[in-house]
Amino acid sequence: MINKRLQELSLLAGGTIIVFGAAVLLVTALLWAFGIAISTWNLPAGAGLAVVALALGVNRYVEGSLQKAVVFAGVLAFAAVLLWLSVLLGGSYFDVSYDGQGYHTDAVIKLHDGWNPFHQPYTGNVWNDHYAKGSEILAASLYRVTGVLEQGKAWNFLLLAASFLLAFAGLLSWDRQVWRALLAAVVLAWNPVVINQTLTFYIDGQLGSLLLCLLGLGALIAVRGDRWIALVCAMVLVLILNNKFTGVVYAVVLCGGLLALLWAVGKRRVTGGMTAVIAVAFVVGILFVGWNPYLHNTMEKGHPFYPVAGDGKLDIMDRQVPGNLVGLPAWKKLAWSVFAHSENVLATQKAVLKTPFSWTEKEIKAFKGPDPRIGGWGPLFGGAALLGILVVVLSFLLTPWRQALLASGVLLIVALSVLVNPEAWWARFTPQLWLIPALAAAYGLVVSNSRTLQALSLALLVLMGTNSWLTSQEYFVRQGEYTALVEKQLSVLQRVSQKEPIPVVLGTPAHGRRFAEHGVRFLAVKKLACDGQTQLQASTTFVCTPPELKEKKAK
């Protein structure tokens, strides 16, 4: 009974977050169609629809008027507190990442200021004009309410929480031991790719969380599929499809694979129903919410994934691949990245293989930022991959072969979603690779009755948890240092600019908005007429160095 109630509470809480996010996208797309820009009403409207969905879910899962009222109020309060904490945490750090301060924040600002991509498709920035905009819509809608740009990063934490909750609910379908499902869900959600983008406007981490949500819902559908779970599944697909282009491909692979597994285990009626739900989600997600970019790109540029595909495509991978991996097949580059030293290797450098289950201080330092190019799943992930293979092999020897075959099918579907990406070696492009050994361990610990397999799976989860701890603590400590330096620079510039606006060479619109929010009066110029110049922390923005400001960069 406790197990069932925990599952339902987790499902309701995680599902409410997902419906909240998807509802904001749906409301925004509808208003854009009528020429209405994002306003302070988009977020509350999405929240209102999420509350309605929560009420429907409570009515379905909870019996008794008093119990329904208590559960509804409790889940709603939990979601509200989670939103508040996410906003506080997101706003406590400055995004100092390259892409985050670049086109992602630029898009958030433009959407906040009234840009309507349905009626005004071109802004002069090819990435903003042609890429998917779901993440930026969410951030801009929150920004309109709070008035603080950096607080738009709150969605990273909300979707992370939703992924844990839905993974936990899915695992509880298979095990009565709550602690085992809890441990597995923590490791599944505690993905280094996801965590190391929480303090930025990067979107790959959000995609990693959403893909885990989809898998958690898939487990629930296999055991207790119902209309409310189907609704949440449709909503998570809308978010995935509008997160980034690869989300469309991953959604096709994962949904197709999960439907095939449902059919294979004899759930024909559920398969038919979910096929219809998924089809509707794709139509709404791509043809309505995703009108720009998908239909717009197809009509204007001949390919829905322009500018990374089609005629006139741009090479975004130029000078990104490590020198000794250039020209290798995609699977070899992936293998190199899994088993090499974790580091941010550029085209002029080489990836270096290492001994599995080992790490160095240099490797840990590679996770001070959001996207190490090699070994971006963590320094211990190569060892975790080897242990994961051993768990799969033992599953066929120590558990019923049909059960092991079904579990292996899930792993193969996730693996296929990774391998369809020719640049899978870069962890930010394939955050779901983290899930393969974690899912193998979850099966061995949660589903299996073999003591040997459970012990090995527990060791694998502990190894992956250690890996995530090493990368996470480095990331948050360093980002805290960077934020302190930015705050110091802004404080000095605010005092200096009170006499008269200071000339600034803006590297990105994000810094102009950052100055405005912190009371820095400035005049944007193309060139500074002074000898001493200060480059703002982790940016391409420059100011004339005031006497009070001594340039100091984080190590």
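This passage describes the domains, the disulfide, the salt bridges and selected side-chain environments of a predicted model.

The chain is divided into two assigned parts, domain 1 spanning residues 1–314 and domain 2 spanning residues 480–549. The C-alpha centres of domain 1 and domain 2 are separated by 35 Å, and the contact between them involves 17 residues of domain 1 and 16 residues of domain 2. A salt bridge is found between R513 and D113, for which the closest N and O atoms are 2.7 Å apart. This pair links distant parts of the chain, since R513 belongs to helix α21 (residues 509–517) while D113 is placed in the loop between α4 (98–112) and α5 (126–130), with the two positions 400 residues apart in sequence. D113 counts as partly exposed because its relative accessibility is 48%.

In total, 16 salt bridges were counted in the model. One of these is formed by the side chains of E423 and K333, with an N to O distance of 3.6 Å. E423 lies in the loop between α18 (401–419) and α19 (435–447), whereas K333 lies in helix α15 (residues 330–339), so the pair ties together parts of the chain that are 90 residues apart in sequence. Both E423 and K333 are buried. Another salt bridge connects E481 with R478, the closest N and O atoms being 2.9 Å apart. E481 and R478 are both in helix α20 (residues 451–496), and because they are three residues apart, they are separated by about one helical turn. With a relative accessible area of 33%, E481 is partly exposed, whereas R478, at 18% relative accessibility, counts as buried, because the limit for that class is under 20%. Beyond these pairs, D99, D204, K244, D371 and R428 are joined into one network by salt bridges that share partners.

The count of disulfides comes to one, and this link joins C530 to C544 with an S to S distance of 2.1 Å. The angle about the S-S bond is -95°, and the link of C530 and C544 is accordingly described as left-handed. C530 is located in the loop between β2 (522–524) and β3 (533–535), and C544 is located in strand β4 (residues 542–544), so the disulfide ties together parts that are 14 residues apart in sequence. Both cysteines fall into the partly exposed class, C530 with a relative accessible area of 23% and C544 with a relative accessibility of 24%. By contrast, C213 takes part in no disulfide, the nearest cysteine sulfur being that of C233 at a distance of 11 Å. C213 counts as buried, because its relative accessibility is 0%. C255 is likewise in no disulfide, and the nearest cysteine sulfur, again that of C233, is 6.0 Å away, a distance that is not within the 2.5 Å used to assign such a pair. C255 is also buried, with a relative accessible area of 4%.

Two threonines were examined for their surroundings. T541 is placed in the loop between β3 and β4, and because its relative accessible area is 0%, this residue is buried. When residues up to four places away in sequence are not counted, T541 touches V504, V505, L506, G507, T508, H511, F515, T534, Q535 and L536. T28, in turn, is placed in helix α1 (residues 2–33), and because its relative accessibility is 0%, T28 counts as buried. Under the condition that residues up to four places away in sequence are not counted, the contacts of T28 are with I38, N42, I137 and S141.

At the surface, a nonpolar patch of about 570 Å² is made by F357, L386, I389, V393, L397 and L398. Of these residues, L398 has its place in helix α17, which covers residues 381–398. L398 counts as partly exposed because its relative accessibility is 39%, and this value also satisfies the requirement of over 30% relative accessible area that applies to residues making up a patch.

Key:
Residues are numbered from 1 along each chain as its sequence is written. This is a predicted model: local features need pLDDT of at least 70, side-chain atom pairs count only at pLDDT 80 or more; totals for chains, interfaces and linings use all residues. Side-chain values use heavy atoms; hydrogens and water are left out. Patches are made of residues with over 30% relative accessible area and no salt bridge: like charges are joined within 9 Å, nonpolar side chains (Val, Leu, Ile, Met, Phe, Trp, Tyr) within 5 Å. Accessible areas come from the Shrake-Rupley method with a 1.4 Å probe; for residues, only the protein chains shown count as cover. A salt bridge is a side-chain nitrogen of Lys or Arg within 4 Å of a carboxyl oxygen of Asp or Glu. Helices (H or I, at least four residues) and strands (E, at least two) are DSSP runs, numbered from the N terminus. Buried means under 20% relative accessible area, exposed over 50%, partly exposed in between (1.4 Å probe, protein chains only). Contact means heavy atoms within 4.5 Å. Domain bounds come from an automatic or database domain assignment.
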